[in-house]
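Me: Got a minute to go through this model with me? I'd like to start with the backbone and then get to the packing.

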Amino acid sequence: MEPTQARVDLIEPAEIEAIVASHNRQPRALIAILQDIQGKYRYLPREALEQAAEMLRIPMTQVYGVATFYKAFHLKPRGRHTIKVCMGTACHVSGAPLLLERIAQELKVEPGGTTPDRKFSLEEVRCVGCCGLAPVVVVDEEFHGKLRHDRVRRLLRSYA
């Protein structure tokens, strides 16, 4: 595991306290607080959720309910890079299933999963709105259009 990655796993109570305090300890700011926590750790660690619930004086079930309701929140550790393979109609008919399969093989991870070294998380998404560039793969916020399966390895290396 990389030294920077090990740091991500350490939940510092003072950091969670600062995040909650920055929102004036208001329960109505729960979504923003969860966004900030996830921004810091790339997922919502249980310890952080428990501390936030305690500081906001709301039940953990309420915090967990919000965290699981919104698809944008993740309860499991995420990779440093998120790879989204568009499976919208244009991308699908242009070869996206083959791209997804190839990326999964290269990373040795299934869609929805994260590599053991936490470098990559792989997601299958419905549409990224770039049909003219099909098939499209988005790595973090960078779009890679008209991607061919034989260029997957080079793309992954550029982020490793």
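Reply: Sure. This is a predicted model, and a good place to begin is R42, which lies in the loop between α3 and α4.

Me: What's the phi of R42?

Reply: About 70°, so to speak on the positive side, although R42 is not a glycine.

Me: And is R42 buried or exposed?

Reply: Partly exposed: the relative accessible area of R42 is 23%, and the buried class stops at under 20%.

Me: Which other residue that isn't a glycine has a positive phi?

Reply: R57 has one, with phi near 60°. You'll find R57 in the loop between α4 and α5 (60-69).

Me: How does R57 count, buried or exposed?

Reply: R57 counts as exposed because its relative accessibility is 77%, and the cut-off for that class is over 50%.

Me: Where's the cis peptide bond?

Reply: It joins A134 and P135, with omega at about -5°. P135 is in the loop between β2 (120-125) and β3 (137-139).

Me: OK, switching to helices. How do α2 and α3 pack?

Reply: Helix α2 (residues 13-22) and helix α3 (residues 30-41) pack at an angle of about 145°, and their axes are 9 Å apart. The crossing of α2 past α3 is right-handed.

Me: Which residues make that contact?

Reply: From α2 you have E15, I16, I19, V20 and S22, and from α3 there are I33, D36, I37, K40 and Y41. Sorted by class, the contact of α2 with α3 has six nonpolar, one polar and three charged residues.

Me: What about α2 and α4, what's the angle there?

Reply: About 45° between α2 and helix α4 (residues 46-56), with the axes 10 Å apart. That makes α2 and α4 oblique to each other, because an angle of that size is neither under 35 degrees nor in the 65 to 115 range. α2 passes α4 in a right-handed crossing.

Me: And which side chains are involved on each helix?

Reply: P13, I16, E17 and V20 belong to the α2 side, while α4 brings A48, Q51, A52, M55 and L56. By class, this contact of α2 with α4 has seven nonpolar, one polar and one charged residues.

Me: Now the sheet. What's the strand order?

Reply: β2-β1-β3-β4, in an open sheet of four strands with mixed pairing. The edge strands are β2 and β4 (142-144), each of which pairs on one side only. From one strand to the next, the twist averages 20°.

Me: Which pairing is parallel, and over how many bridges?

Reply: β1 and β2 pair in the parallel sense over six bridges. For a reference point, H81 has F120 as its bridge partner in β2.

Me: How many bridges join β1 to β3?

Reply: Three, and β1 and β3 run antiparallel. V85 has V137 of β3 as its bridge partner.

Me: And how do β3 and β4 pair, parallel or antiparallel?

Reply: Antiparallel, over three bridges. In β4, E142 stands opposite V139.

Me: Which helix packs on the sheet?

Reply: Helix α7 (residues 96-107) does, touching β1, β2 and β3, and its direction makes about 155° with that of β1.

Me: Last one: how many residues of β1 are buried?

Reply: Five of the six in strand β1 (residues 81-86), so to put it in words, the strand is mostly covered.

Technical notes
Residues numbered from 1 in each chain as written. Predicted model: local features only at pLDDT ≥ 70, side-chain atom pairs only at ≥ 80, totals over all residues. Heavy atoms only, no water. Axes fitted to C-alpha atoms, helices over the stretch in contact; angles between N-to-C directions. Helix = DSSP H or I, 4+ residues; strand = E, 2+ residues; numbered from the N terminus. Left-handed = near helix turned anticlockwise from the far one by under 90°. Contact = heavy atoms within 4.5 Å. Nonpolar A, V, L, I, M, F, W, Y, C, P; charged D, E, K, R; others polar. Parallel < 35°, antiparallel > 145°, perpendicular 65-115°, else oblique. Buried < 20%, exposed > 50% of the residue type's maximum accessible area, 1.4 Å probe, protein only. Pairing = 2+ DSSP bridges.
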